[in-house]
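Colleague: Could you take me through one part of this protein in some detail? I would like to hear how neighbouring helices pack against each other, and then a little about the residues elsewhere in the chain.

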Amino acid sequence: MTISRWKKVVYEVCLTQLLEHLQTSSLRSSKTNSKESTTNDDGLSLQRTSFHLRWRVGWYLYKLERFEECIESLTQLCDDVYAIDDLKERKKLTQLTADQYHCIHLTIARSSLQMYLATNDYDMLVTSHEEYEDAMANLTVDLSAMLRLPPVMMEHARVLEFYGSFDSALEVYGKVLTNFPTFKGYFDALYRTAIVGLHMAVVKKNANTDGASKAVEIEEAVDKCIDIFQFLLEALPTNI
């Protein structure tokens with residue numbers, strides 16, 4: 001990830017203002033709790049503000065590529081939210097929508113992936129995988145999901161590749177190709193399918209497994225990958 005200089009300045013200004021607002025909100029909350037005459041509505045309003053501000057702080061930390069801080073901030077937010085067992089009470093206190101839960105988990109997933117790529121820390125890869133699954137589970141099912149889900153599935157499939165779970169990655173790419181034929185990253189999914197398929201064929205070939213049926217299976221897999229590469233070379237749109 002790279003961000004332009006002016007965007008970084010804007011993000012830093014926004015983050016600073018959010019942190020100041022969050023601190024002010026926290027002070028107001030502590031004062032509110034110390035006053036017996038304060039209504040419950042005032043306390044609820046401050047708690048809701050706090051949850052929303054903390055989510056935005058995490059998002060700006062991600063945009064500023066401060067991934068470790070982002071993960072710590074949003075993970076703590078999730079812990080505080082999910083510590084409220086009663087779903088009705090949780091919704092009342094946080095006022096966070098399912099879409100916001102999706103964005104929170106997705107931001108943690110992307111930050112964890114960037115940390116893995118930078119440090120090769122396997123735990124970060126595990127966290128990224130889990131958070132991508134939570135992000136997709138919390139995605140609101142509506143027309144916008146048709147546009148928003150495929151890119152997230154592609155990112156998750158790449159995590160599965162890093163994870164070494166190539167069968168699962170192929171399954172995800174297959175779902176993208178089958179269910180989202182108008183997705184702008186359709187040819188990327190097709191390309192990754194061929195790459196992963198070819199890798200799996202090589203792995204099976206080097207496994208020294210006997211049997212004519214296994215050899216035929218590997219040959220068929222390689223032929224399919226070659227067909228995909230040939231199709232991409234011949235039929236790839238000029239605007240790609």
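Modeller: Happy to; I will start with the whole chain, move to a run of packed helices, and finish with a few single residues.

Please keep in mind that this is a predicted model. The protein chain has ten helices and zero strands, so read from the N terminus on, the order of elements is simply α-α-α-α-α-α-α-α-α-α. Of its 240 residues, 35% are buried. The accessible surface comes to about 14700 Å², with 53% of that belonging to carbon and sulfur atoms. If you look at contacts with a separation of 6 or more, 63% of them join residues 24 or more positions apart.

Now for the close look, which centres on helix α8, residues 166-179. Let us take its partner α7 to begin with. Helix α7 covers residues 145-163, and its axis lies 8 Å from that of α8, at an angle of about 160°. Since angles over 145 degrees count as roughly antiparallel, α7 is therefore roughly antiparallel to α8. The two helices cross in a left-handed way. On the α7 side, the contact is formed by M146, P150, M153, M154, A157, R158, L160 and E161. Facing them from α8 are F166, S168, A169, V172, Y173, K175, V176 and N179. Sorted by class, this contact holds eleven nonpolar, two polar and three charged residues.

The other partner to consider is helix α9, residues 186-206. Here the axes of α8 and α9 are 9 Å apart and the packing angle is about 155°. By the same reasoning, α8 and α9 are therefore roughly antiparallel to each other. Once again the crossing is left-handed, as α8 passes α9. From α8, the residues that take part are F166, D167, L170, Y173, V176 and L177. From α9 come Y186, A189, L190, R192, T193, V196, G197, H199 and M200. This contact divides into ten nonpolar, three polar and two charged residues. If you would like residues to pick out on screen, F166, Y173 and V176 of α8 are listed in the contact with α7 and also in the contact with α9.

Staying with α9 for a moment, K205 is placed in this helix. K205 has a relative accessible area of 62%, over the 50% cut-off, so K205 is exposed. Its C-alpha lies 7.8 Å from that of A215, which is ten residues away in sequence.

For a contrasting charged residue, go back to helix α2, residues 40-63, where you will find R54. The relative accessibility of R54 is 17%; because buried means under 20%, R54 counts as buried. Leaving aside residues up to four places away in sequence, R54 touches L22, S73, L74, Q76, L77 and D80.

Finally, two loop residues have backbone angles that you may want to check. E65 sits in the loop between α2 and α3 (67-82), and its phi is near 65°, a positive value in a residue other than glycine. With 28% relative accessibility, E65 counts as partly exposed. N120 belongs to the loop between α5 (98-119) and α6 (122-137). Phi of N120 is near 60°, which is again positive in a residue other than glycine. N120 is exposed, with a relative accessible area of 57%.

Methods: Residues numbered from 1 in each chain as written. Predicted model: local features only at pLDDT ≥ 70, side-chain atom pairs only at ≥ 80, totals over all residues. Heavy atoms only, no water. Axes fitted to C-alpha atoms, helices over the stretch in contact; angles between N-to-C directions. Helix = DSSP H or I, 4+ residues; strand = E, 2+ residues; numbered from the N terminus. Parallel < 35°, antiparallel > 145°, perpendicular 65-115°, else oblique. Left-handed = near helix turned anticlockwise from the far one by under 90°. Contact = heavy atoms within 4.5 Å. Nonpolar A, V, L, I, M, F, W, Y, C, P; charged D, E, K, R; others polar. Buried < 20%, exposed > 50% of the residue type's maximum accessible area, 1.4 Å probe, protein only. Areas by Shrake-Rupley, 256 points an atom, 1.4 Å probe, with all protein chains shown as cover.
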